[in-house]
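User: Could you take me on a close look at one part of this structure? I am new to this, so please go step by step.

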Amino acid sequence: MASAAEQLASNLSFSTFAKAEDLKKRLWFTLAALLVYRLGTHIPLPGLNPEAYAQAFRGQAGGILGLFNMFSGGAVERMAIFALGIMPYISASIIVQLMTSVVPALENLKKEGEQGRKIINQYTRYGTVLLGALQAYGIAVGLESGSGLVVDPGWFFRISTVITLLGGTMFLMWLGEQITSRGIGNGISLIIFAGIAAGLPSALAGTLELGRTGALSTSLILAVILIAMAVIAVIVFVERAQRRLLIQYPKRQVGNRMFQGDTSHLPLKLNTSGVIPAIFASSLLLLPATVAGFANTTALPSWATAIVAALGHGQPLYMLLYAALIAFFAFFYTAIVFNPKDTADNLKKHGGFIPGIRPGERTAEYIDFVLTRITVIGAIYLVFVCILPEILVSQTGIPLALGGTSLLIVVSVTLDTVAQIQGHLIAQQYEGLIKKSKLRGGKRGR
């Protein structure tokens, strides 16, 4: 039987959206904030030679710089003030999450609720400043080492670069928090989404141009489009898929009244780790190619050159290691973000239990057993989504606009944002029903 929320969702219409003034304000605020972000990706860093940098970037586009450029919406390619993007904040968030599982003080803060969460968020901001400053200084030194990239090398350029790039990252972090609180969706995720989506029109136009000139056949382009649509359907299905564990609560007596025991569900996502395994795996595999690109390739030993060549896009060793790292990080990150023992303790504290399973340690073991099995499916799904574009590129030579990682981010953020919009519309409709019932009650009273 459908729940009340599902019944309300099925009755949503355009008139409901037209009446949702607060939702429209939130949507306009989100669009304005993303427009500010896109404008910032076109403001160049002062002191650079644009032509020399563009030529140098083209030689490194296949490495980790290309990955960061995709997440920053082309800001790295132009070395704009937002070139660092939001990646230092994401890295700091992941590091703090990992530390909460090994540092007792942080683990206790995590259990303190809202107040503890605020303190952890503050530590994340401090970590963002530290990582952003280090990365910005490394970029400044790397630019100075290039031939003719910097107009006037020296400490003034380094300090101004650190201040500019770090300021851009901190502004994006603040902008993301404003979108989350005053707009629609998760602000940080939407900023990454906007950066990836910004490159779609030019990539699509380039593919169609290859088809027009005959470099790619029309049937091949249509086949790739159909495969992309099928992969998107798989992502939507798996990202919404859950394994629900039945939770039962016993009967309870309040005063002289006996209340019937309730039942609920503990939802376990099929892909608990999200897109993090794909980001980690691709970053690690692209590091050797990036380092080799900055180094003098003639000075590298033959074994190092062979390793870099074997780790190139589309190579069997690259895809094998990519799949193995994705699977490893899927299990590793799931173990970090979900603790079966804490979940079992919370259920026991509130009187809940899984039918047929003893509360406490046995419940934790059962949840861990179920979580491990569904994580196997989630890891296989991540490997499939991320490896398939690599195979298509290596076999057909068609330049795909969306890789596995970016495709996961785009679809996941879209699903989350649509769900939040639907939630606002349901709340609007629910408030309207309450007002109508109050008016009817008032008329009857008269």
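Analyst:

**The nonpolar patch and its helices**

Let's begin with two helices: helix H9 (114-145) and helix H10 (155-182) each supply at least two residues of a nonpolar patch. Please keep in mind that this is a predicted model. The patch lies on the surface, covers about 510 Å², and is made by Tyr137, Val141, Trp155, Ile159 and Ile163. Which helix gives the most to the nonpolar patch? That is H10, with three residues.

Now look at Tyr137, which lies in helix H9. Is Tyr137 buried, exposed or partly exposed? Its relative accessibility is 33%, so Tyr137 counts as partly exposed, because that class runs between the 20% limit for buried and the 50% limit for exposed.

Follow H9 along its length next. Helix H9 has 32 residues and reaches 46 Å from its first C-alpha to its last, close to the 46 Å expected at 1.5 Å a residue. H9 also has buried residues, among them Gly116, Ile120, Thr124, Gly127 and Thr128. Further along H9, the buried residues include Gly132, Ala136, Ala140, Leu143 and Glu144.

Let's move over to H10. Trp155, one of the patch residues, has Arg158 lying over its face, at 4.8 Å from the ring centre.

Rings can also meet other rings, and the structure holds eight aromatic pairs. In one of them, Phe82 and Phe171 are stacked, with 5.9 Å centre to centre and 10° between the planes. This pair links distant parts of the chain: Phe82 is in the loop between helix H6 (75-78) and helix H7 (87-100), Phe171 is in helix H10, and they are 89 residues apart. The two partners fall into these classes: Phe82 counts as buried, because its relative accessibility is 5%, and Phe171 counts as partly exposed, because its relative accessibility is 32%.

For another example, turn to Tyr318 and Tyr322. Their ring centres are 5.6 Å apart and their planes are at 35°, so this pair is tilted. Tyr318 and Tyr322 are separated by about one helical turn, because they are four residues apart in helix H16 (residues 316-337). Both Tyr318 and Tyr322 are buried.

One last stop takes us back to the stacked pair. Which residues form one aromatic cluster with Phe82 and Phe171? They are Tyr37 and Trp174. To retrace our path, we started at the patch to which H9 and H10 each supply at least two residues, and we ended at a cluster that includes Phe171, a residue of helix H10.

Definitions and conventions: Residues are numbered from 1 along each chain as its sequence is written. This is a predicted model: local features need pLDDT of at least 70, side-chain atom pairs count only at pLDDT 80 or more; totals for chains, interfaces and linings use all residues. Side-chain values use heavy atoms; hydrogens and water are left out. Patches are made of residues with over 30% relative accessible area and no salt bridge: like charges are joined within 9 Å, nonpolar side chains (Val, Leu, Ile, Met, Phe, Trp, Tyr) within 5 Å. Accessible areas come from the Shrake-Rupley method with a 1.4 Å probe; for residues, only the protein chains shown count as cover. A salt bridge is a side-chain nitrogen of Lys or Arg within 4 Å of a carboxyl oxygen of Asp or Glu. Buried means under 20% relative accessible area, exposed over 50%, partly exposed in between (1.4 Å probe, protein chains only). Rings of Phe, Tyr and Trp (its six-membered ring) pair if their centres lie within 6.5 Å; planes under 30 degrees apart count as stacked, over 60 as edge-to-face and the rest as tilted. A charge sits over a ring if NZ of Lys or CZ of Arg is within 6 Å of the ring centre and within 35 degrees of the ring normal. The expected span of a helix is 1.5 Å times one less than its number of residues.
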